[in-house]
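User: Could you walk me through this protein and its ligand, one question at a time?

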Amino acid sequence: MWIEIARIARLASLVSALGANLASADEADPTPTFSRDVAPILRARCQECHRAGQVGPFPLVTFEQARKRAADLVSAIEDRRMPPWKPAAGFGPSLRHDPSLTPVEVSTLARWVEGGTPPGDDRDLAPARPFADGWTLGTPDLVLEPAEDFAVTGSGPDLYRCFVIPTNLPADVYVSAVEYRPGNRRVVHHLMAFVEVANAGRARDAADPGPGYSSYSGAGVEIVGDLGGWAPGNAATHLPEGVGRSLPKGADVILQVHYHPDGRPEVDRTGIGLHFARKPVRQTLQWKGVMSRNIRLPAGEADIRVKASWFVPVAVDLLAVAPHMHRLGRDMKITASYPDGRSVDLIHIPDWDPDWQGTYTFEGPVHLPKGSTVRVVGRFDNSDRPENPHRPPQLVKFGHGSTEEMCVGYLAVVKAGQDLTRPGEKDDLFSTLVDQHRRGLKQEQMDRRRR
Ligand code: HEC
């Protein structure tokens, strides 16, 4: 009986709520107010970046801050420039973390501005959103950072500095999330982290004065794995359950920081935070870079295509992609074809923004059978335009420096069907990829000699 009454009461209130909605849609919609309608959208969708100390160029927290820029807000969201989200909609599988505003949210902001940006009633205003400062994923299990600050000279070429950080781990662990904490955002261009066990990084460090050592291409020593990387726009996330990155007992993490001097002497101390897997790990994640070193962008040319491909050597599941180009990149597409000839779209970044190098995670894994091919096509523009680091434009070739170019589709892959909780199962995806890479380099050398 009680249940019946409760159910009827709930139904009645549902009907009246629906009625109220219909009625208000029938009448002219009331003008949204800041307190009731706009503030919740800004809190949920904008303040992660648009508050003090974050990447957004101004805060969007108070009524006054939003009112001042009201027209800009609407044009930025109507054009889908904000929140920043670069992948073309509808190309490839659906992606997690798509922050795009819903049509209702867009229309609420637009109507608030059309209606003269009314503040509304302060009593409607929800309390400020709490943000965990420092780490977005909460306190890490292990924080790694160099023992001292690194001084970055005011001018000169880009620096690639590797810092060797002992983990002192007493046993092998699996890492389920890596959060990078760039120290001085004025000079830190991007970060990579490598795993090393043979003390070769320490030897390089000892031989090079100052903290760390210089190495332009990767860690410059034999590594046993990596912990991914960071560039502006990259947000930390947890790997799916059952997937981890292995970090062996006693390993050193080599943190490579790419510095871009900003004209003034600066100091930096960049760190990374690791979260260990709480559940058993069945598969280890590896990043595979599908890249071309054969880049030649003639000065003044506005539409140059660079292609790269990867023959998939064992069946893998693709979890995420991270397109990478520098300042002359305009557009990148990544697709794959299966051994039976069918093809699948993976991602398209139609309007490349070098300051926004996102990592895009698929809603579900994309299976790539052995013998598939992943294709990366980058389009570059070396004409005279503000993004061009050379004035006047000049011939640009492959290189890691910010005035050279790269064309890479980074793929986060696990070995399909792997279950490391089964006795005797081998964790060999990394070595498979390294072997394939070495054979490729050898082949390239032989081809070059033959030419
Ligand atoms: C993930 C970080 C991030 C989020 C979330 C974000 N912004 Fe931004 N916003 C930026 C950055 C960085 C810039 C400056 C660089 C640029 O213009 O691309 C910017 C610039 C802007 C600008 C000025 C430039 C322009 O394109 O008009 C406006 C207006 C703006 N944001 C509004 C918003 C609104 C409104 C939201 C929420 C609906 C939002 N942003 C969410 C990072 C963010």
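Analyst: Happy to! A definition comes first: two strands pair if DSSP finds at least two bridges between them. Please keep in mind that this is a predicted model.

User: Thanks! What is the strand order in the open sheet of five strands?

Analyst: Pairing in this sheet is antiparallel. Two strands, β6 (213-214) and β7 (225-230), have a single partner each, so they stand at the edges and one side of each is left without a neighbour in the sheet. Reading across, the order is β6-β3-β9-β5-β7.

User: Which helix packs on that sheet?

Analyst: The helix touches β3 (159-166), β5, β6 and β9. Its direction makes about 125° with that of β3. This helix, covering residues 200-207, is α6.

User: How many bridges join β5 to β9?

Analyst: Strand β5 covers residues 188-196 and β9 covers residues 252-259, and they run antiparallel. Two of the partnerships show the register: H190 is matched with H258, and E196 with D252. The number of bridges joining these strands is eight.

User: And which residue in β7 is the bridge partner of L191?

Analyst: On this side, β5 and β7 run antiparallel, joined by four bridges. Within β7, the partner of L191 is W230.

User: Is β5 largely enclosed or largely in the open?

Analyst: A residue counts as buried if 20 or more other C-beta atoms lie within 10 Å of its own. By that count, nine of the nine residues of β5 are buried. For the protein chain, buried residues make up 33% of the 451 residues. With its residues buried in this way, β5 is therefore largely enclosed by the rest of the structure.

User: How many of the 22 residues of α7 are buried?

Analyst: Helix α7 covers residues 429-450 and reaches 32 Å from its first C-alpha to its last, close to the 32 Å expected at 1.5 Å a residue. It lies largely in the open, because the number of its residues that are buried is two.

User: Now the ligand: which helix gives the most residues to the shell around it?

Analyst: The ligand is surrounded by 18 residues, and the closest are C46, C49, A76, M82 and P83. By class, the shell has eleven nonpolar, two polar and five charged residues. The helix that gives the most provides four residues and spans 70-78; it is α4.

User: Last one: what percentage of contacts between residues at least 6 apart in sequence join residues at least 24 apart?

Analyst: The protein chain has seven helices and 22 strands, and its C-alpha trace spans about 75 × 60 × 50 Å along its principal axes. Among those contacts, the share joining residues at least 24 apart is 83%.

Note on methods
Residues numbered from 1 in each chain as written. Predicted model: local features only at pLDDT ≥ 70, side-chain atom pairs only at ≥ 80, totals over all residues. Near = placed C-beta within 6 Å. Nonpolar A, V, L, I, M, F, W, Y, C, P; charged D, E, K, R; others polar. Contact = placed C-beta atoms within 7 Å. Axes fitted to C-alpha atoms, helices over the stretch in contact; angles between N-to-C directions. Buried ≥ 20, exposed ≤ 12 C-beta atoms within 10 Å, placed from the backbone. Expected span 1.5 Å × (residues − 1).
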